[in-house]
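I opened my notebook to follow one chain from its strands to its ligands. I wanted to write down what I looked up, in the order in which I looked.

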Amino acid sequence: MRVLVVGAGAIGGYFGGRLLEAGIDVTFLVRPRRAAQLAADGLVVTSPHGDIALPARTVLAEALTAPWDLVLLGCKAYDLAAAMESVAPAVGPETMILPLLNGMRHLDSLDERFGAGHVLGGLCAIAATLDEAGVVRHLNDIHLLAFGERDGSESARIKAVADVFSRARAQWRSSRQIVQEMWEKWVFLSTLAASTCLLRASVGDIVMAGGVDTLGGLLAEAQSIAEAEGYGSRPDILDKARTQLTAAGSSLSASMMRDVEKGGPVEADHVIGDLLRRAQAAGLGVPLLKLAHLHLKAYEARRQRESVRR
Ligand SMILES: NC(=O)C1=CN([C@@H]2O[C@H](COP(=O)(O)OP(=O)(O)OC[C@H]3O[C@@H](n4cnc5c(N)ncnc54)[C@H](OP(=O)(O)O)[C@@H]3O)[C@@H](O)[C@H]2O)C=CC1
Ligand SMILES: CC(C)(CO)C(=O)C(=O)O
């Protein structure tokens with residue numbers, strides 16, 4: 001199977017790297033700066049599950065031609081429109097697109113651009129970052145990827161994807177409930193991103209500061225929206241999320257908080273704003289999520305103003 005990984009950042013670099021070290025035919029669709037970095041240093045990943053330092057084949061958008069079997073989408077939501085344009089020549093009649101972005105709204109954009117038949121459900125659980133030197137740093141010991149047909153069917157193409165990931169040093173599973181799982185991840189992630197960005201602290205520090213009720217309140221708001229959409233987290237998953245999101249001493253924080261601390265762009269509208277939009281449609285009051293979104297939008301406004309001044 002020929003795999004095209006869009007973006008060699010934290011997620012694309014990590015999971016693409018695991019496929020590369022397994023000997024899978026992998027190419028990274030990158031932009032010029034990352035192409036130069038990869039040409040000079042190869043793909044470098046540090047991880048508790050074993051480091052990777054391998055030459056990586058890259059392609060720029062203008063050189064992309066023939067269709068690929070699997071497109072692994074590892075860009076941020078704010079880059080999705082441009083990434084879809086770039087990757088379009090790689091999508092032929094049989095191409096599968098496996099997006100690993102947080103949230104749900106990207107599915108609508110991908111369906112509209114390529115047709116729903118091309119688009120699988122997918123998610124990943126990992127904490128990783130791409131540092132200034134171009135090294136993908138895996139920050140915890142979780143590296144799970146899940147994928148499946150969005151209608152819950154079993155298919156030959158999902159078996160083929162599973163066969164590819166079964167060769168890689170990463171945890172993976174094919175799921176008959178991938179859309180439900182994506183929502184459950186969104187409920188968890190939106191709570192984590194809203195709280196850790198708003199309070200600029202890890203879960204453990206928020207708990208130490210007396211914030212358990214705020215964490216629980218955010219989780220309840222996110223869950224109420226998921227329920228209104230018909231995808232409320234299942235009781236055991238919700239309990240597990242509550243335990244993780246209120247654990248004393250936990251160093252857990254969202255990748256969005258790392259982005260804020262780097263002064264980088266954030267997926268505010270994709271991860272929190274889209275939930276607010278759905279809450280509004282369902283007539284739900286979600287004041288904590290609203291405040292978290294306002295905080296992120298003010299951060300974006302300041303970032304924009306300061307970049308104009310420079
Ligand atoms: N990091 C994490 O721990 C986790 C992240 N996620 C989610 O995964 C998604 C990806 O996040 P993450 O990997 O952290 O993001 P990164 O910013 O680390 O990586 C995204 C990469 O995509 C590249 N890219 C963007 N547009 C294009 C394009 N048109 N062509 C080629 N490359 C492109 C960027 O390249 P360039 O260098 O040129 O900008 C960048 O390297 C997000 O939705 C995030 O929420 C999910 C779980 C955990
Ligand atoms: C929920 C979590 C931490 C797990 O992958 C994540 O997706 C993120 O930080 O963006």
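Before I could say that two strands pair, I needed the rule: two strands pair if DSSP finds at least two bridges between them. I also noted at the start that this is a predicted model.

**Entry 1, the strand β1.** With that rule in hand I looked up β1 and strand β2, residues 25-29, and found that they pair in the parallel sense over five bridges. Within this pair, R2 stands opposite D25 in β2. I then traced the chain between the two strands, and it passes from β1 through helix α1, residues 10-21, to β2, in a β-α-β crossover that is right-handed. I looked for another partner of β1 and found strand β6, residues 70-73, which runs parallel to β1 and is joined to it by four bridges. Here V6 stands opposite L73 in β6. Is β1, residues 2-6, mostly covered or mostly open? I found that four of its five residues are buried, and I wrote it down as mostly covered.

**Entry 2, ligand 1.** I turned next to the shell around ligand 1, which has 31 residues, and I noted that G7, G9, A10, I11 and L101 come nearest. The elements that give two or more residues to this shell are α1, α2 (32-41), α3 (80-87) and β8. Which of the elements gives the most to the shell around ligand 1? It is β8, with six residues. Sorting the shell by class, I listed 17 nonpolar, eight polar and six charged residues.

**Entry 3, the two domains.** The domain assignment gives domain 1 (2-176) and domain 2 (180-309), and I recorded that their C-alpha centres lie 24 Å apart. Where the domains meet, 13 residues of domain 1 are in contact with 12 residues of domain 2. On the side of domain 1 that touches domain 2, β8 gives the most, with four residues, and the residues of that side divide into six nonpolar, five polar and two charged.

**Entry 4, ligand 2.** I finished with ligand 2, whose surrounding residues are N102, A125, I126, A127, F188, L189, L192, A254 and S255. Both β8 (121-130) and α6 (178-199) supply at least two residues each to this shell, and the shell draws at least three residues from each of domain 1 and domain 2. By class I wrote down seven nonpolar, two polar and no charged residues for it.

Conventions. Residues are numbered from 1 along each chain as its sequence is written. Chains are lettered from A and ligands numbered from 1 in the order in which they are written. This is a predicted model: local features need pLDDT of at least 70, side-chain atom pairs count only at pLDDT 80 or more; totals for chains, interfaces and linings use all residues. A residue is near a molecule or strand if its C-beta atom, placed from the backbone, lies within 6 Å of it. Ala, Val, Leu, Ile, Met, Phe, Trp, Tyr, Cys and Pro count as nonpolar, Asp, Glu, Lys and Arg as charged, and the others, Gly among them, as polar. Domain bounds come from an automatic or database domain assignment. Two residues are in contact if their C-beta atoms, placed from the backbone, lie within 7 Å. A residue is buried if 20 or more other C-beta atoms lie within 10 Å of its own, exposed if 12 or fewer, and partly exposed in between; C-beta atoms are placed from the backbone. A crossover is right-handed if, with the strands pointing away from the viewer, the path from the first strand over the helix to the second runs clockwise.
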